[in-house]
Amino acid sequence: MPSSRTASPDPIDELLTQGELASSPRSALSRGRKREPSEPKLKPRVIEPQRARRVAKSRVEIIRASGWEAWPWLIHGFSTRTGGITTAYRPDQRSGELNLGFTDTDTRENVIENRRRFLKALGAPVDMKLVTLKQIHSSSVLTVGEHELAPSCQGDGLMTNQPGILLAIQTADCIPVLVADVRKKAVAAFHAGWRGTVKRIVESGVGKMRVAFRSRPEDLVAAIGPGIAACCYAVGEDVRSEFGSQFSYAADLFHEVSDSDPVRQKYPMLFLTARAPGHSNLGPSLHLDLMEANRRQLLDAGLRAESIMVVGDCTRCQSNRYFSYRTEQGFTGRMLSVVGIRG
Ligand SMILES: [Zn+2]
């Protein structure tokens, strides 16, 4: 006997169809607005949040790019929030945290001690010099030579072929990207939030390595570190139009993510409120995949796909492991992503 469940339509569906209420979130969103032919089509995709993993809170953890141990002269790593002495951001937690940025909400002494612990866990020689920037969401990339950079130097990318220097990018949701020329022995580190990404910091940064170090793209390896992933990075239409004006592949980077509540998803009209248009939390939100955006820039710069490693961890989903600016509404620490050449 055929199951009546599968044979006949859902009675609620039927009822709503009769009342012209059945509607997908997409059609609810686009009703009354005809899609222009030139407007890039969004790929609807199911993006599940990542599962939060259990982490050992008392030890310094270093995330490394798989395969990079093949070059013993190359030193690199991404930090997490565990294993430090900072108590500002999680005062209830027994173990301190590894804030590596000089924020207004942590003490200088804490950050210095945390950095010492991080460099020790990284296995960096004690005389290696850590170089950071005042990051400004630009596409500015500075070369670190024999002369030291002033700590107030502004920019979002660093590169060097000098041994003994550890280039460092500070993040808490933005995407850190590390690049190494394994033939010419040169390294670079980039800070890519959406503004830096739309300004092509990584793509133009690789171009600057080619000029400065005569790097060939086929000799470059890259690692895209933990940051806010497509599951959590909801953005406004303004961000989509900025990307649309810059990249032919912009449509591949944005996804409409529907409300996770299956009842809301199926019957959005049932949840209509009297709120003004645009002020309802109904309907899908627009999510940006910044990791993929930066992977595309590396590919466009000539790197081989197999030379690009993506850690993939979402700082917002995994906010017990990583500092996340969005999760903690700005009241958070900073991770460091570092790369350098051993002296
Ligand atoms: Zn996420």
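Val-257 lies opposite Ser-285 of strand β14. The two residues belong to a pairing of β13 (residues 254-257) with β14, which is antiparallel and has 4 bridges. Strands here are DSSP runs of E with at least two residues, helices are runs of H or I with at least four residues, and both are numbered from the N terminus. Two strands count as paired if DSSP finds at least two bridges between them.

The model is predicted: local features need pLDDT of at least 70, side-chain atom pairs count only at pLDDT 80 or more, and totals for chains, interfaces and linings use all residues. Residues are numbered from 1 along each chain as its sequence is written.

**Overall composition**

The chain contains 10 helices and 16 strands. Of its 343 residues, 39% are buried; a residue is buried if 20 or more other C-beta atoms, placed from the backbone, lie within 10 Å of its own, exposed if 12 or fewer do, and partly exposed in between. Among contacts with a separation of 6 or more, 70% join residues 24 or more positions apart. A contact requires C-beta atoms, placed from the backbone, within 7 Å.

**Strand pairings**

Strands of a sheet pair through backbone hydrogen bonds, either parallel or antiparallel. The table lists antiparallel pairings.

| Strand | Partner strand | Bridges |
|---|---|---|
| β8 (residues 165-171) | β16 (residues 335-341) | 6 bridges |
| β9 (residues 175-181) | β11 (residues 220-224) | 5 bridges |
| β13 (residues 254-257) | β14 | 4 bridges |
| β12 (residues 234-235) | β14 (residues 285-288) | 2 bridges |

In the pairing of β12 with β14, Ala-234 has His-287 as its bridge partner.

**The five-stranded sheet**

An open sheet of 5 strands has the order β1-β2-β16-β8-β5, with mixed pairing. Strands β1 (62-63) and β5 (129-131) are at its edges, and each has a single partner strand, so one side of each has no neighbour in the sheet. Where β8 meets β16, Thr-171 stands opposite Met-335. Helix α4 (residues 108-122) lies across β1, β2 (74-79), β5 and β16, and runs at about 130 degrees to β2. Such angles run from 0 to 180 degrees between N-to-C directions, with axes fitted as lines to C-alpha atoms, for helices over the stretch in contact.

**The six-stranded sheet and helix α6**

A further open sheet has 6 strands in the order β6-β7-β10-β9-β11-β15, and its pairing is mixed. Its edge strands, β6 (141-143) and β15 (308-310), each pair on one side only. Neighbouring strands of this sheet are turned against each other by 15 degrees on average, direction ignored. Helix α6 packs on this sheet, touching β6, β7 (157-160), β9, β10 (186-192) and β11, and its direction makes about 160 degrees with that of β10. Between β9 and β11, Ala-180 is opposite Val-221.

Helix α6 (residues 201-213) comprises 13 residues and reaches 17 Å from its first C-alpha to its last, close to the 18 Å expected at 1.5 Å a residue; the expected span is 1.5 Å times one less than the number of residues. Its buried residues are Ile-201, Val-202, Glu-203, Gly-205, Val-206, Met-209 and Phe-213. Just after this helix, Arg-214 has a positive phi of about 55 degrees.

**Packing of α6 with α10**

Helix α10 (residues 290-300) packs with α6 at an angle of about 30 degrees, and their axes are 8 Å apart. The contact involves Val-202, Glu-203 and Val-206 of α6 and Asn-294, Gln-297, Leu-298 and Asp-300 of α10. The two helices are therefore roughly parallel, a term for angles under 35 degrees, whereas over 145 is roughly antiparallel, 65 to 115 roughly perpendicular and the rest oblique.

Conventions:
Two residues are in contact if their C-beta atoms, placed from the backbone, lie within 7 Å.
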